[in-house]
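Here are some exercises to work through with the coordinates open beside you. Try each task before you read its solution.

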Amino acid sequence: MVSRRYALQGIGAVTGQHVHEQAALARSLGADLAPAARNLVKQVFEASGVRERHLELPRDLAAKERGSLAELVQAGRTLATRALFEALGEVELDPRTALLVCTDAPPCLHAGLAAHLVEQLQLPKGGIVRELHEATLRPGLVFGARLLEARLARDVVIVALSTRGSLVLGEPLPAEVTFDEVRECCAASDGAAVLHLSSLGRPGALLRYQRLRDLPLLQADGASLSPPAAAPRGEREGLRRWRGDLRRWLEEDAARRPTLLVSGGMALPALLAEPAAAAGWGPFLALSRQLYRDRGDLGVTSMIFALERALEEGLDFSPDLRFVALEPGSPASVVLLGGVELEKDGAVHAVAARRMQNP
């Protein structure tokens with residue numbers, strides 16, 4: 001029996017249009033705080049390793065005014081629509097198209113988003129539309145793959161959206177600010193990203209694959225987000241314990257397949273540089289770390305941003321590509337893309353062409 005093959009037909013990823021230097025944000029947030037709190041903000045923001053933050057809502061650093069709920073909702077719709085058309089271009093979707101919307105901010109920020117996207121895509125009524133509120137993209141990827149495998153859909157459009165940057169930076173910090181409150185707002189940016197998966201065998205696919213499945217890994221704790229120098233002592237000890245298990249798992253298994261790892265912080269990726277280099281997937285880890293430094297924590301969209309960058313750089317995915325997403329307080333997500341066929345030059349040129357059409 002010949003295995004069916006599926007395609008990553010399109011990809012698109014956009015960040016918030018307003019760019020702020022991390023140092024300027026730290027000065028703005030700490031301006032009205034007591035010296036000790038101001039120093040805490042400066043230390044945590046510097047230790048985060050982020051250089052710039054990307055917000056969809058304009059932010060007056062002097063006024064520090066928060067956008068209204070309606071403005072936050074509209075910002076999300078605008079971001080998601082931009083990413084949607086970057087990924088799809090002029091492609092004509094099959095009537096049996098499923099739309100999966102994955103978000104990591106409070107559901108009230110995305111009220112009506114799915115209905116808005118259905119209208120933008122002109123999907124027929126009664127189709128499969130699901131909203132998933134998760135910290136990582138894994139549930140959306142796995143559900144989309146199962147829809148294709150069961151022939152319940154021929155095209156699957158996965159829209160990931162994170163507007164936590166505009167949310168957490170929209171109001172002043174309390175006078176008695178805690179480490180956790182500073183950490184919450186020290187890295188988040190706004191972004192939207194889209195994957196178009198298909199079983200139709202159209203020409204021009206970025207890559208083709210045989211299977212997509214999820215794998216269990218390890219339980220992460222809050223330390224995965226913390227810069228080692230800034231985290232409380234207990235979290236630093238937790239990070240050391242957990243990283244040992246993770247390193248052993250990666251060293252035993254990763255040599256057999258490249259790994260694209262994304263994290264909501266710099267601590268664990270930095271500690272995994274050695275086993276990544278030994279296993280031969282150091283360029284994948286370097287790519288993710290650079291993405292985090294340049295754009296901040298893009299939340300649920302991070303995996304798609306990293307995949308798009310890997311395609312642009314022509315990294316070798318075959319025969320299998322493993323995605324690992326590290327988030328605090330939840331099991332690390334692992335998704336395996338198996339039986340990958342990638343025409344590297346074709347994928348690089350296709351992604352570049354879409355960027356030129358949708359700058």
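**Exercise 1.** Find how much space lies in the second largest cavity, and work out which residues and elements line it.

*Solution.* Step 1: the second largest cavity holds about 100 Å³ of space. A cavity here is a set of points on a 1 Å grid over the protein atoms alone where a 1.4 Å probe fits but cannot get out, and lining residues have an atom within 4 Å of a point. Grid points are joined across faces, edges and corners, and the volume is the space filled by probe spheres set on the points.

Step 2: of the 13 residues that line this cavity, those closest to its centre are Leu141, Leu195, Leu307, Phe323 and Leu337.

Step 3: sort the lining by class, which gives 13 nonpolar, no polar and no charged residues. Nonpolar covers Ala, Val, Leu, Ile, Met, Phe, Trp, Tyr, Cys and Pro; Asp, Glu, Lys and Arg are charged, and the others, Gly among them, are polar.

Step 4: strand 7 (191–198), strand 8 and helix 12 (302–313) each supply at least two lining residues. Helix 12 gives the largest share, three residues. Helices (H or I, at least four residues) and strands (E, at least two) are DSSP runs, numbered from the N terminus.

Step 5: for context, the structure holds three cavities of 30 Å³ or more.

A word on the model: it is predicted, so local features need pLDDT of at least 70 and side-chain atom pairs count only at pLDDT 80 or more, while totals for chains, interfaces and linings use all residues. Residues are numbered from 1 along each chain as its sequence is written, and side-chain values use heavy atoms, with hydrogens and water left out.

**Exercise 2.** Trace the pairing partners of strand 11 and strand 12, and decide whether their residues are buried or exposed.

*Solution.* Step 1: strand 10 (residues 259–263) pairs with strand 11 (residues 321–326) in the parallel sense over five bridges; strands pair if DSSP finds at least two bridges between them. Thr259 has Arg322 as its bridge partner.

Step 2: strand 11 also pairs with strand 12 (residues 333–338), in the antiparallel sense over five bridges. Here Arg322 stands opposite Leu336, and Leu321 stands opposite Leu337.

Step 3: strand 9 (residues 211–215) runs antiparallel to strand 12, joined to it by five bridges. Leu212 is bridged to Leu337.

Step 4: check burial (under 20% relative accessible area is buried, over 50% exposed, partly exposed in between, with a 1.4 Å probe and protein chains only). In strand 11, Leu321, Phe323 and Ala325 point one way and Arg322, Val324 and Leu326 the other, and all are buried. Six of the six residues of strand 12 are buried too, so this strand is largely enclosed by the rest of the structure.

**Exercise 3.** Give the strand order of the open six-stranded sheet, and explain why its edge strands each have a side without a neighbour.

*Solution.* Step 1: the order is 5-4-6-7-1-8, with mixed pairing.

Step 2: strand 5 (129–133) and strand 8 (207–209) are at the edges with a single partner strand each, so one side of each lacks a neighbour in the sheet.

Step 3: look inside the sheet, where strand 4 (residues 97–103) and strand 6 (residues 155–162) pair in the parallel sense over seven bridges. Cys102 has Ala160 of strand 6 as its bridge partner.

Note on methods
On a 1 Å grid over the protein atoms alone, a cavity is a set of points where a 1.4 Å probe fits but cannot get out, and a pocket is an open set with protein on both sides within 12 Å along at least five of seven lines; lining residues have an atom within 4 Å of a point.
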